[in-house]
Amino acid sequence: MTSTASDTEKQVGRFAPSPTGPLHLGSLVAALGSYLVAKRAGGLWLLRMEDLDLPRVVPGIADDMLATLEKLGFQWDGEVLYQSRRTEHYRAAAEQLQRRGLAYACGCTRSEIAQIASAPHEDGLVYPGLCRNGLPLEKVERALRIKVYDEVISFDDGIMGRYSQHLTASCGDFVIHRADGPYAYHLAVVVDDAASGVNQVVRGADLLASTPRQIYLQRIFGFPTPSYYHLPLVTGPDGAKLSKRDNAVSLAAGRDLDREGGRLLFAALRFLGQAPPPELQDAAPAELLEWGIAHLDVSAIPRTPAPFVYP
């Protein structure tokens, strides 16, 4: 069994947005939460652009995200990592799994899976293993899947508590590469976190259910498992999840961050259950980040989704 990041080793956190739209309130909360947890521990905070799905990437948005984060006072360590430039690393990882007999070609269409699959899970249908014992002669390869076995993956989330998932029942053999598309998020994020020494992952709770698949891959590759913290999701006033197009906070969206930056961070701190003093409401972003690092109380971060209350 692989180890979990300990409190004695250098903490390395990261923020990994997808440049498919402007930075929004949910990604601001994720950036702030990951930054504070890493810096509170005296650790590093890395930045990675998850731009693997190139057709969905909006030109110029990655640069806008970087400029927006800078305007909000964030300072990252090292160079920005771009997943679109790391395809060979993902290919090597996938080929290793194939050589070890842990991954196989699948020729199933979604409609074929839907006819046989058991109940849907968070990301779609539970794969029934139709191609597990070999690709039928009449099928062409559509995807590469990794074999999962009858085991429960459990971990202790720093915010949400104990979380367990039975992979066979929850997702079945899941896709790590589509023949006509990019390598899957689960594979890429595991390879990149290990390569960068990331041992602390702070992100939105919408990714909580996918974490056991990533831990499963980490164990197969012999990578350490990071400490995980899943932050509550930002909702609209009606409780619905915000889309990436809602409530953009980026320079490209026309936000005046010279005027609003501090107030946005003040509100984000309060969303995360922190209690910055009222006199900091109009403080500069750097001052708010400094306060957040010094006073972060992870135990105060709520578990439930909530609207973002902007002062």
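Let me start with strand E8, residues 152–157, in this predicted model. E8 has two faces: Ile153, Phe155 and Asp157 are on the covered one, while Val152, Ser154 and Asp156 are on the uncovered one. The partner of E8 is strand E9, residues 161–166, and the two pair in the antiparallel sense over six bridges. One of the pairs is Val152 with His166 in E9. Between the two strands there are three residues, and together E8 and E9 form a hairpin.

Next, the sheet that contains E4. Three strands make up this open sheet, in the order E4-E7-E10, and the pairing is antiparallel. E4 and E10 are the edge strands, each with a single partner, so one side of each has no neighbour in the sheet. On average, neighbouring strands here are turned by 35 degrees against each other, if direction is ignored. Between E7 and E10 there are four bridges. Leu144, for example, has His177 in E10 as its bridge partner.

Let me stay on this sheet for one residue, Ala103, which lies in strand E4. Is Ala103 buried or exposed? Ala103 is buried, because its relative accessible area is 9%, and the cut-off for buried is under 20%. What is Ala103 in contact with, leaving aside neighbours within four places in sequence? The contacts are Leu97, Gln98, Leu144, Arg145, Ile146 and Ile176. For a sense of distance, take Ala268, which is 165 residues from Ala103 along the chain. The C-alpha atoms of these two are separated by 42 Å.

Leu97, one of those contacts of Ala103, brings us to helix H3. H3 covers residues 87–99, which is 13 residues. From first C-alpha to last, H3 reaches 18 Å, close to the 18 Å expected at 1.5 Å a residue. Which residues of H3 are buried? They are Tyr90, Ala93, Ala94 and Leu97. These residues are on the same side of H3, because they cover an arc of only 95 degrees around the axis. On the other side, Glu88 and Arg99 are exposed. What covers the buried residues of H3 includes the three strands E4, E7 and E10, along with helix H6, residues 185–196, and helix H7, residues 211–221. Just after H3 comes Gly101, with a positive phi of about 75 degrees.

Now the nonpolar cores. The largest one has 84 residues. Which of its members touch the most others? Those are Leu32, Phe74, Leu97, Ile176 and Leu187. Helix H1, residues 25–40, gives this core its largest share, ten residues. As for Ile176, and not counting residues up to four places away in sequence, the list of residues touched is Ala94, Leu97, Ala103, Leu144, Ile146, Tyr183, Ala184 and Leu187. Two of these, Ala94 and Leu97, are among the buried residues of H3. There is also a second, separate core of six residues, including Cys106, Cys108, Ile113 and Cys131. As general background, nonpolar side chains tend to be buried together in soluble globular proteins.

The next sheet is also open and has three strands, in the order E1-E2-E3, with parallel pairing. E1, residues 12–15, and E3, residues 81–82, are at the edges with a single partner strand each, so one side of each is left without a neighbour in the sheet. E1 runs parallel to E2, residues 44–49, and four bridges join the two. Val12 stands opposite Leu44 in E2. Helix H1 packs on this sheet, touching E1 and E2. The direction of H1 makes about 150 degrees with that of E2.

A second helix on this sheet is H2, residues 61–71, which lies across E1, E2 and E3. H2 runs at about 155 degrees to E2. Which residues of H2 are buried? The list is Ile61, Ala62, Asp64, Met65, Leu66, Thr68 and Leu69. What do they pack against? The partners are E1, E2 and E3, together with H1 and helix H8, residues 257–271. After H2 comes Gly73, with a positive phi near 90 degrees.

To go back over the main points: E4-E7-E10 is an open sheet with antiparallel pairing, and E1-E2-E3 is one with parallel pairing. H3 has its buried residues covered by elements that include E4, E7 and E10, and H2 lies across E1, E2 and E3.

Key
Residues numbered from 1 in each chain as written. Predicted model: local features only at pLDDT ≥ 70, side-chain atom pairs only at ≥ 80, totals over all residues. Heavy atoms only, no water. Expected span 1.5 Å × (residues − 1). Buried < 20%, exposed > 50% of the residue type's maximum accessible area, 1.4 Å probe, protein only. Arc of directions from axis to C-beta. Contact = heavy atoms within 4.5 Å. Core = buried A, V, L, I, M, F, W, Y, C linked by side-chain atoms within 4.5 Å. Pairing = 2+ DSSP bridges. Axes fitted to C-alpha atoms, helices over the stretch in contact; angles between N-to-C directions.
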